[in-house]
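Please have a look at the model below. Then read on for a short tour of its parts.

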Amino acid sequence: MQRYSLQKHLGPYTVDKALFLRLESYINRNLPRILLLNLEKGVERPLSAFITVTIQKEQGKEKFGSMEDYGYELFDENIKEVSIELVHNNAFNFWGQKVIVLIMTFNLESGYCDLSIALSDEEPRDKVYTIEKGLKEVMSRNKKSIPLARFFR
């Protein structure tokens with residue numbers, strides 16, 4: 001097995017509950033196929049048990065197994081960051097041990113996202129780029145446009 005990791009600063013984005021629900025859906029639908037994970041067949045959300053959503057507030061954190069468990073559609077002004085993490089070790093895969101760590105942290109004030117992906121797998125570089133491309137596609141409808149005038153001052 002080889003290892004490959006990627007860290008990027010992306011954005012800005014409009015951050016809302018719907019974005020996180022789409023990210024969770026992408027992770028559950030596409031990562032098992034991309035990584036050839038040996039997961040239970042017929043389960044609609046096979047990676048849900050390995051996903052954590054953290055909401056960082058001024059006075060502490062709240063952790064959820066899914067953004068569906070968060071009771072509101074929008075985030076209030078007390079929330080500073082929202083992150084989604086996937087940590088999965090597919091040790092019992094007949095292809096060999098595969099480990100993925102995916103962390104996306106969104107700063108609500110700026111809208112920027114810090115993306116980190118680490119993968120231990122066969123040909124991990126190609127798979128990491130495929131995952132990154134898919135995540136960016138999911139986030140594209142929340143992309144904020146930056147006025148070009150900012151760059152020419």
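The report goes from the whole protein to the sheet, then to a helix and a few local details.

**Ground rules**

This is a predicted model, in which local features need pLDDT of at least 70 and side-chain atom pairs count only at pLDDT 80 or more, while totals for chains, interfaces and linings use all residues. Residues are numbered from 1 along each chain as its sequence is written, and side-chain values use heavy atoms, with hydrogens and water left out.

**The whole protein**

The protein has two helices and six strands. Helices (H or I, at least four residues) and strands (E, at least two) are DSSP runs, numbered from the N terminus. Along the sequence, the pattern reads β-α-β-β-β-β-β-α.

The C-alpha atoms fill a box of roughly 55 × 40 × 25 Å, taken along the principal axes. The radius of gyration is 16 Å, which agrees with the value near 15 Å for a compact globule of 153 residues. This radius is taken over C-alpha atoms, and the globule rule is 2.2 Å times the number of residues to the power 0.38.

Buried residues make up 44% of the 153 residues. Buried means under 20% relative accessible area, exposed means over 50%, and partly exposed lies in between (1.4 Å probe, protein chains only). Among contacts with a separation of 6 or more, 63% join residues 24 or more positions apart. A contact means heavy atoms within 4.5 Å.

**The sheet**

In what order do the six strands lie in the open sheet? The order is β1-β6-β5-β4-β2-β3, and the pairing is antiparallel. Two strands pair if DSSP finds at least two bridges between them. The edge strands, β1 (2-10) and β3 (60-64), each pair on one side only. From one strand to the next, the twist averages 10°. Axes here are lines fitted to C-alpha atoms, for helices over the stretch in contact, and angles run from 0 to 180 degrees between N-to-C directions.

The table gives three of the antiparallel pairs.

| Strands | Bridges | One facing pair |
|---|---|---|
| β4 (residues 79-90) and β5 (residues 98-107) | 10 bridges | S83 and T105 |
| β5 and β6 (residues 113-121) | Eight bridges | I100 and L119 |
| β2 (residues 51-57) and β3 | Five bridges | I55 and E62 |

Two hairpins deserve a look. One joins β2 to β3 through two residues. Here K57 stands opposite G60 in β3. The hairpin of β5 and β6 has five residues between the strands, and G111 takes a positive phi near 85° there.

One general point helps when viewing strands. In a regular strand the side chains alternate between the two faces of the sheet.

**Helix α2**

Helix α2 (residues 124-139) packs on the sheet and touches β1, β5 and β6. Its direction makes about 25° with that of β1. The helix has 16 residues. From first C-alpha to last, α2 reaches 22 Å, close to the 22 Å expected at 1.5 Å a residue. The expected span is 1.5 Å times one less than the number of residues.

Which residues of α2 are buried? They are P124, K127, V128, I131, E132, G134, L135, V138 and M139. Seen down the axis of α2, these buried residues fall within an arc of 165°, so they line one face of the helix. The arc is that of the directions from the helix axis to the C-beta atoms. The buried residues of α2 pack against β1, α1 (17-35), β5 and β6. On the other side of α2, K133 and E137 are exposed.

**Loops and the tail**

P12 lies in the loop between β1 and α1. A cis peptide bond joins G11 and P12, with omega about 5°.

K143 lies in the segment after α2. Leaving aside neighbours within four places in sequence, K143 is in contact with G11, P12 and Y13. The C-alpha atoms of K143 and Y112 are separated by 9.8 Å, and these residues are 31 apart along the chain. At 44% relative accessibility, K143 counts as partly exposed.

Two residues have a positive phi although neither is a glycine. L36 has a phi of about 50°. L36 sits in the loop between α1 and β2. At 44% relative accessibility, L36 counts as partly exposed. E123 also has a phi of about 50°. E123 lies in the loop between β6 and α2. At 53% relative accessibility, E123 counts as exposed.
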